[in-house]
Amino acid sequence: MEESDSTPKSLMENLLGLLRVRVKRGVNLAVRDVRSSDPYVVIKMYNQKLKTRVIKKDVNPEWNEDLTLSVINPNHKIKLTVYDHDTFSKDDKMGDAEFDIFPFIEALKMNLTGLPNGTVVTRIQPSKHNCLADESCITYSNGKVVQDMILRLQNVECGEVEIQLQWIDLPGSKGL
C-alpha cells in the first residue's frame, strides 16, 4: 500500500504552504479550578484542529509549542481557544480569539530578502475588528518573515495569549 499516493493531488495543487503557529505563552489566564488552571490551547482553521500540551496549575503558562496548519485559503480566520483541563469533568473554556493571516500572507508575497534583521514590514493596530491586545508587527527576522501577536481572549474575564506566525514553503505545493 503506497502511503505517499494517498494525499489527493488536488490538495497539494491548492495548498499555499504551511503556517507554523508558535504558541508561546499565556498571560494572566482565568482561574477555573480552585486556585489555578491547567490550560492548553486549541487552534482551528477550516477543518483542522490542533492542540498544545496541558500545563498544570499555571495561569501564566509557557508552551513554546509549534502547531502547523495547511493553508489553502489566506482569508480563512484562525480560531484559538484556551481550555482548562479537568480530569473528571468537561474541560472549561478559558476564552478564545480569532486572528487573520491575510496581512501576513501579503507580507510574504513581497518576497523580501536581505533586509536588516528586525526590520518591521507591516504593523497591525488593535481594533474592535480584531483580537489584538497590542500592535502586531510583521518583521524580517533571521532571513524569514514572522508575525508576533498578543491576542486578547474574548468571552472571559481576563487573559492573553502570545503567538508567532512563520511560513513554511512546501515543495510541490501551489505556493504563494
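This note goes through the strands, one buried aspartate and the cysteines of the structure above.

1. The model is predicted, so that local features need pLDDT of at least 70 and side-chain atom pairs count only at pLDDT 80 or more, while totals for chains, interfaces and linings use all residues. Residues are numbered from 1 along each chain as its sequence is written, and side-chain values use heavy atoms, with hydrogens and water left out.

2. Strands, like helices, are DSSP runs numbered from the N terminus (E, at least two residues for a strand; H or I, at least four for a helix), and two strands pair if DSSP finds at least two bridges between them. Strand β1 (residues 17-27) pairs with β4 in the antiparallel sense over eight bridges, and within this pairing Val21 stands opposite Leu67 of β4.

3. In a regular strand the side chains alternate between the two faces of the sheet. Strand β4 (residues 62-71) has a covered face made of Trp63, Glu65, Leu67, Leu69 and Val71, whereas Glu62, Asn64, Asp66, Thr68 and Ser70 lie on its uncovered face.

4. Strand β2 (residues 39-45) is mostly covered, six of its seven residues being buried, where buried means under 20% relative accessible area, exposed over 50% and partly exposed in between (1.4 Å probe, protein chains only). β2 pairs in the antiparallel sense with strand β5 (residues 78-84) over six bridges, and the bridge partner of Val41 in β5 is Val82. Four bridges also join β2 to strand β3 (residues 48-51), again antiparallel, with Met45 opposite Gln48. Two residues lie between the strands of the β2 and β3 hairpin, in which Tyr46 takes a positive phi near 55°.

5. Asp84 belongs to strand β5 and is buried, with a relative accessible area of 0%. Leaving aside neighbours within four places in sequence, Asp84 is in contact (heavy atoms within 4.5 Å) with residues including Arg32, Asp33, Asp38, Tyr40, Asp91 and Met94. Ser10, by comparison, is 74 residues from Asp84 in sequence and 38 Å away in space, C-alpha to C-alpha.

6. A disulfide is taken here as a pair of cysteine sulfur atoms within 2.5 Å, and by this rule the count comes to zero. Cys137 is in no disulfide, and the nearest cysteine sulfur, that of Cys131, is 18 Å away; Cys137 is buried, with a relative accessible area of 18%. Cys158 is likewise in no disulfide, the nearest cysteine sulfur being that of Cys131 at 15 Å, and Cys158 is partly exposed, with a relative accessible area of 24%.
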